[in-house]
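Colleague: I would like to learn how to read a few features of a protein model. Could we take them one at a time?

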Amino acid sequence: EGLVLHQVSYDDDGRERSILHRASISEMVVPYGVPTEAHGWKNAFDAGEWGLGRMTQSLVLGCDCLGEIHYFDAVLANEQGKPWLIPNAICMHEEDYGILWKHVDLFGGTAEVRRSRRLVVSFISTVGNYEYGFFWYFYLDGTIQLEVKLTGIVSSMAYDPNGADPAYANVIGEGVAAPHHQHIFNARLDFDVDGPVNEVYEVDAEVLPPGPDNPWGNAFRPRATRLASEKTVRREVDAAVSRSWRIVNPQARNGLGRPTAYKLVPTMATPRLLAHADSPIGRRAGFGLHNLWVTPYAPEERRAAGEYPNQHPGGDGLPRWTEADRSLEGGDVVVWYSFGVTHFVRPEDWPVMPVEYTGFLLAPYGFFDRNPSLDVPPSHPGHCGT
């Protein structure tokens, strides 16, 4: 899995409040969309077959990380079971992140602004020709973000420049094309929002029709639907209704009397697996057919595609587990989020690809009674004047 986060909490005026018990990338797959003998079989499971942790690269100060750095070494077992040290495998540092909050009082002539800082915990894995950077960001207002940075060298193919362009690849150089493909990740998020009893709601923006209660035709509101069992939670991203998912503790209340919660927000284009569900890769990487899955906590359920994705004929992992349709009410739940990139390669991606981004956001929703970053001190004005 590579880097795994454990027991993430927020220090709320001296009270440690839990958010996540465990967070990891449980699986990722790179399916190619070329139906030919040379490329149709390419469907690498970069976690389950290669091992993101095994492919971790040592990080270099001033190149991979800047500023005041703390590095963590990683000790793994090699194929013979012997200890294997990766120096500087994980980097932790802080960085400025622009404005945290700001307001100018037009009547009083006063202004207040605070700078945002974030704690960054990252590692980079080289899997074959690609590099994947995994960056967890922790913000002063309680927001948590995972950003995946994709770079490296794309898998290329030859074509005859005197003939027709290839049907399932883009031309990126003289006689060189790059097949269409995807990078589908799955994050396993074992939430403990203010404790282990959590429930999940899907929240859509609901547009109300014009009528006596909506005379201007401008009314809309959030519609929250509790996801009660596993089969009801094979869900998709829907940007048209600003869809998000809220992880709620029904037993904890904030100062306004509402349940405390965090919400999972898709932050970028989030495709599903485009291969047919009955295809070989569709059967083996079924986790990618939906963006959101939720299961009751089970210690043996750790990998979205099952324990041995290169040795089973298909259907293992999330598709098999959720067929039991277990209840998701009043217990400890695990959220599985599939996200990624559909890569139609550009000439600008050749010969080394500039970073492309994907990821998601976890934001407090009623977890606090007000903005928790009001206690951030002002910065020295510097060039801003007096």
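Modeller: We will go through a sheet, some backbone angles, the salt bridges and the surface patches. Keep in mind that this is a predicted model.

Colleague: Let us begin with the small sheet. In what order do the three strands of the open sheet stand, and how do they pair?

Modeller: To read a sheet, list the strands by who pairs with whom. Here the order is β9-β11-β10, and the pairing is antiparallel. The edges are taken by β9 (157–158) and β10 (169–173); each has a single partner strand, so one side of each has no neighbour in the sheet.

Colleague: How many bridges join β10 to β11?

Modeller: Four bridges join β10 to β11, which covers residues 176–179, and the two strands run antiparallel. For a landmark in β11, look at Ala177, which stands opposite Val171.

Colleague: Next, a long strand. Where does Pro83 lie, and how far is its C-alpha atom from that of Val104?

Modeller: Pro83 belongs to strand β5, residues 83–105. The C-alpha atoms of Pro83 and Val104 are 57 Å apart, with the two residues separated by 21 positions along the chain. Pro83 counts as exposed, at 69% relative accessibility.

Colleague: Now the backbone. Which two residues are joined by a cis peptide bond?

Modeller: Omega is the angle to read for that. Between Trp350 and Pro351 omega is about 5 degrees, and the bond is cis. Pro351 sits in the loop that runs from β18 (333–343) to β19 (353–364).

Colleague: And phi? What is the phi value of Asp194, and where does Asp194 lie?

Modeller: For phi, look at the sign and then at the residue type. Asp194 has a phi near 55 degrees, which is positive in a residue other than glycine. The loop between β12 (181–191) and β13 (199–207) holds Asp194. With a relative accessible area of 23%, Asp194 is partly exposed.

A second case is Ser242, not a glycine either, with a positive phi of about 50 degrees. Ser242 is in the loop between β14 (220–226) and β15 (244–253). At 56% relative accessibility, Ser242 counts as exposed.

Colleague: On to charges. How many salt bridges does a search of the whole structure find?

Modeller: The search finds 26 salt bridges. For any pair, read the distance, then the location of each partner, then the burial. Take Arg243 and Glu202, whose side chains meet in a salt bridge at 3.6 Å, N to O. Arg243 is in the loop between β14 and β15 and Glu202 is in strand β13, so the pair ties together parts 41 residues apart in sequence.

Colleague: Are Arg243 and Glu202 buried or exposed?

Modeller: Both Arg243 and Glu202 are buried.

Now take Glu230 and Arg326, which form a salt bridge with their closest N and O atoms 2.7 Å apart. This pair links distant parts of the chain, 96 residues apart: Glu230 lies in the loop between β14 and β15, and Arg326 in the loop between α3 (318–322) and β18. Glu230 is buried, with a relative accessible area of 0%, whereas Arg326 is partly exposed at 26%.

Colleague: What about Arg303 and Glu307?

Modeller: Arg303 and Glu307 form a salt bridge, and their closest N and O atoms are 3.4 Å apart. Arg303 is partly exposed at 29% relative accessibility, and Glu307 is partly exposed at 38%.

Salt bridges can also share partners. In this model, such bridges join Glu202, Asp204, Glu206, Arg221, Arg223, Arg235 and Arg243 into one network.

Colleague: Last, the surface. Which residues gather in a patch of negative charge?

Modeller: Asp11, Asp13, Glu16 and Asp375 gather in that patch on the surface. Asp11 is in strand β1, residues 5–12. Its relative accessibility is 48%, and Asp11 counts as partly exposed because exposed means over 50%.

Colleague: Which residues form a nonpolar patch on the surface?

Modeller: Val104, Leu106 and Phe107 form that patch, with about 420 Å² of accessible area together. Leu106 lies in the loop between β5 and β6 (110–127), and counts as exposed at 75% relative accessibility.

Terms used: Residues numbered from 1 in each chain as written. Predicted model: local features only at pLDDT ≥ 70, side-chain atom pairs only at ≥ 80, totals over all residues. Heavy atoms only, no water. Pairing = 2+ DSSP bridges. Patch = residues over 30% accessible without salt bridge, like charges linked within 9 Å, V, L, I, M, F, W, Y side chains within 5 Å. Areas by Shrake-Rupley, 256 points an atom, 1.4 Å probe, with all protein chains shown as cover. Salt bridge = Lys/Arg side-chain N within 4 Å of Asp/Glu carboxyl O. Lys, Arg positive; Asp, Glu negative; His and termini not counted. Charge placed at Lys NZ, Arg CZ, Asp CG, Glu CD. Buried < 20%, exposed > 50% of the residue type's maximum accessible area, 1.4 Å probe, protein only.
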